[in-house]
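Let's take a short walk through the empty spaces of this protein. Have your viewer ready and your selection tool to hand.

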Amino acid sequence: MPIFTAPDGTRLACHVRGAGEPLVVLPGGPMRASAYLGNLGGLDAHRQLVFLDLRGTGESEVPADPATYRCDRLVDDVEALRRHLGLERMDVLAHSAGGSLAMLYAARYPDRVARLALVTATPWALGLQATAEHRLAAARLRASEPWFADAFPAFEAWLSGTGDFDPVFLPFFYGCWDDTARTHADREEDETNDDAADRYGADGAYDPDATRTALARLTVPVLVLAGEVDGGPCPGLARRTAEVFPAAEFAVQPGAGHYPWLDDPEWFVRRVVRFLHERD
């Protein structure tokens, strides 16, 4: 497990899977240890995956200053990883909340990004939010599922602020609620730094206008991949994310939720590999 040092002295860990050209992977959560990404459905058979444990998560050190959990402050850690790897430019894949971190990195260091894959990325950095309506519309697509009758009222109450988070509605975050998904969901609490997550989007983390302006000049290939039944972001919101980039392609994985590599690994890997290996 490689260890490197952030500019403020915090010791950070990354985990390497596979061989070949590196693909840097930024986790979501926010602030969930990168272990939840597994091998991204077998993507490590095609690229060397370099998973960053964000500070205070996984095997990375807890920083002296908790304010450095803020998303824009984490950009320095991503740049430190690039330097550690000795890469002039790097391909980056980011999932969920890690998508906002990747966007901020690309806005600040456009010459250091070769390709950018945003997988069910949360576009807070662009001033875009998944709404309760988005999530409920996606949830209604699951009406034929045997667990829907119990899950939907609890989900609706939570989104309206009249109910607490209830594990009964966790199936809405997965395209296929099977044993693999249950095990994945059960690990989330242990893998997430809740204090860091609360600080990730603190005041000052995002400047959407400046980020949009910078990304509008980013000419590298970008893939924005949405899950068909994901509500945060729903495909419509993900398409709006893709429209920010001048050289973006947009794809929707059929039947997938927020973790598409679990729902149909073969489809996911095939689509991502095609993007990473196609000619400019």
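Below is a tour in a few stops, from an annotated span to a cavity and then a pocket.

**Stop 1: the annotated span.** Keep in mind that this is a predicted model. Select residues 22-265, which UniProt lists, in an unreviewed entry, as "domain: AB hydrolase-1". Put a distance label on the C-alpha atoms at the two ends of this span and you should read 20 Å. Coloured by secondary structure, the span shows 36% helix and 15% strand.

**Stop 2: the cavity.** A search of the whole structure turns up 1 cavity of 30 Å³ or more, and the space inside the largest cavity comes to about 60 Å³. To see its walls, select Arg135, Ala138, Ala139, Phe155, Phe172, Phe173, Val229, Asp230 and Gly231. Which helix gives the most to this lining? Highlight helix H3 (residues 132-140), which supplies 3 residues. Colouring the lining by class gives 6 nonpolar, 1 polar and 2 charged residues.

**Stop 3: the pocket.** Now move to the largest pocket, with a volume of about 920 Å³. It is lined by 35 residues, and those closest to its centre are Gly29, Trp158, Phe165, Phe173 and Glu188. Next, show helix H5 (179-186), helix H6 (188-191) and helix H7 (194-200), the elements that each give two or more residues to this lining. How do the residues of the pocket lining divide by class? Colour them and you will find 18 nonpolar, 8 polar and 9 charged.

**Last stop: Phe173.** Finish by centring on Phe173, which lines the largest cavity and is also among the residues closest to the centre of the largest pocket.

Conventions:
Residues are numbered from 1 along each chain as its sequence is written. This is a predicted model: local features need pLDDT of at least 70, side-chain atom pairs count only at pLDDT 80 or more; totals for chains, interfaces and linings use all residues. Side-chain values use heavy atoms; hydrogens and water are left out. UniProt positions are given in the numbering used here, feature names are shortened, and annotations may be inferred rather than shown by experiment. Helices (H or I, at least four residues) and strands (E, at least two) are DSSP runs, numbered from the N terminus. On a 1 Å grid over the protein atoms alone, a cavity is a set of points where a 1.4 Å probe fits but cannot get out, and a pocket is an open set with protein on both sides within 12 Å along at least five of seven lines; lining residues have an atom within 4 Å of a point. Grid points are joined across faces, edges and corners, and a volume is the space filled by probe spheres set on the points. Ala, Val, Leu, Ile, Met, Phe, Trp, Tyr, Cys and Pro count as nonpolar, Asp, Glu, Lys and Arg as charged, and the others, Gly among them, as polar.
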